[in-house]
Amino acid sequence: MTGKQGRQWRSMGKGLVLGTLLTSFMILVYCFSSQQIHLDSPEVPVPHSCAHRPSHLKHTTNSSQKVSGQSCLPKMDIMFLKTHKTASSTFINILFRFGEKHRLKFAFPDSRNDFFYPNLFERKQVKDYRPGMCFNMICNHMRFNTPELAKLLPADTTYITILRDPAELFESSFHYFGRLVPFTWKIQGEDKLTEFLLDPQSYFDAESYNSHYLKNLLFFDFGQDNTLDPGDPQVDEGIRSISDRFHLVMLVEYFEESLLLLKDALCWEMDDLLFFKLNVRKGSTVSKLTAELRAKALEWNAIDWKLYQHFNQTFWKKVDAYGRQRMANDVAELKKRNKRMASICIEGGHAVEAGSILETDMQPWQPIGSNSIMGYNLKKNVDKAHLKLCRKMLMPEIQYLSELGVNLWITKLWGYVRDIINW
């Protein structure tokens, strides 16, 4: 048997093992994690807000109020739709820290780090949920479902999400989730991404397990049909419904600008926006899309491209309202503060490969078959004034959720399965 044949047989063997493990795992999940919450009892109104607002809470004057000289209290009730491969793990770290700072009530999933994605969100998926309970913030991965969220969160909740250029998102999603989509196993060659984009219809199966990860993933996360024809009227209706529901749609490519729009909308402080980029990929694993492949990726994800173009326009209208020069000044200030925090917190001042991360609590979750996600080492001898903040800013999502008291037994079980697969 030649070396090439051996690799092919090994690849097929791993695919069969993966399929068997995934099937067994999902059966196990649905057998043991179904929640016995009955929602046929009389509905209890959602409280207006359960935010803890001590009398000494600082009033803030944001940019839109400077003219009138008015001040405001920071908004506490927030729904963040955590879309996939959009720097959402970086943003959720900001939300976790803000929530802890103000002792907010999170609506967390039970037993895993998402709300049983890719199923549509239901209230019963929230840990310890009972009708009439009060929650300030929900921010874990879910497939958006407006009616269920409206029965969970206060009426004046601010809805926020984030988008990314669909071609870049597709490349990232293919790398991260490709091995979990069975129809990709039959793609020949080393560069499966290119082979797929050259003729996606010959590989794609809308009914295949996890197929949503590789076609219009953003639209799917919003609870919409990702397999529609881009010209179908339902696409425009879906985009309108998203626009009507969400108060702010941020863009990955303009992350600092997005955070400053958030600050302005929610009356937060500049220090609430501090961040380090989490879940950064090692540069050598990123496929640089040629102009031809980028065009094909956008054509394949035409609904997401339509969605992105719509909110790109609304984004810059908000920037204009904020003020271009003010935005430039504030972006510079935010970058300055983040750079200062990096010098205080991060050993070496930059992200490192997974194998170089010394503390288990700082090691990020890795995709199947790869250790491509980088992380950070906490700087030695950080002063007491910054130690807690540094650790929180550097902590990956899974570990942070555990620290916040979320039971992640299903996620951890899947982690063990993943480790077996990555032999």
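Which residues are linked with K392 in a network of salt bridges? They are E100 and E403. Here a salt bridge means a side-chain nitrogen of Lys or Arg within 4 Å of a carboxyl oxygen of Asp or Glu, and by this rule the count comes to 16.

A word on the ground rules: this is a predicted model, where local features need pLDDT of at least 70, side-chain atom pairs count only at pLDDT 80 or more, and totals for chains, interfaces and linings use all residues. Residues are numbered from 1 along each chain as its sequence is written, and side-chain values use heavy atoms, with hydrogens and water left out.

Here are some of the pairs:

| Pair | Closest N to O distance |
|---|---|
| K101 and D272 | 2.9 Å |
| D271 and R337 | 2.7 Å |
| R337 and E333 | 2.7 Å |

Take K101 and D272. This pair ties together distant parts of the chain, 171 residues apart: K101 sits in helix α2 (residues 88-101), and D272 in the loop between α8 (255-266) and α9 (291-300). Helices are DSSP runs of H or I, at least four residues, numbered from the N terminus. D272 is buried at 9% relative accessible area, while K101 is partly exposed at 47%. The cut-offs are under 20% for buried, over 50% for exposed and in between for partly exposed (1.4 Å probe, protein chains only).

Now for R337, in helix α11 (residues 324-345). Its partner D271 is 66 residues away, in the loop between α8 and α9. Its other listed partner, E333, also lies in α11, four residues away, about one turn of the helix. Relative accessibility is 29% for R337, 44% for D271 and 26% for E333.

Terms used. Helix = DSSP H or I, 4+ residues; strand = E, 2+ residues; numbered from the N terminus.
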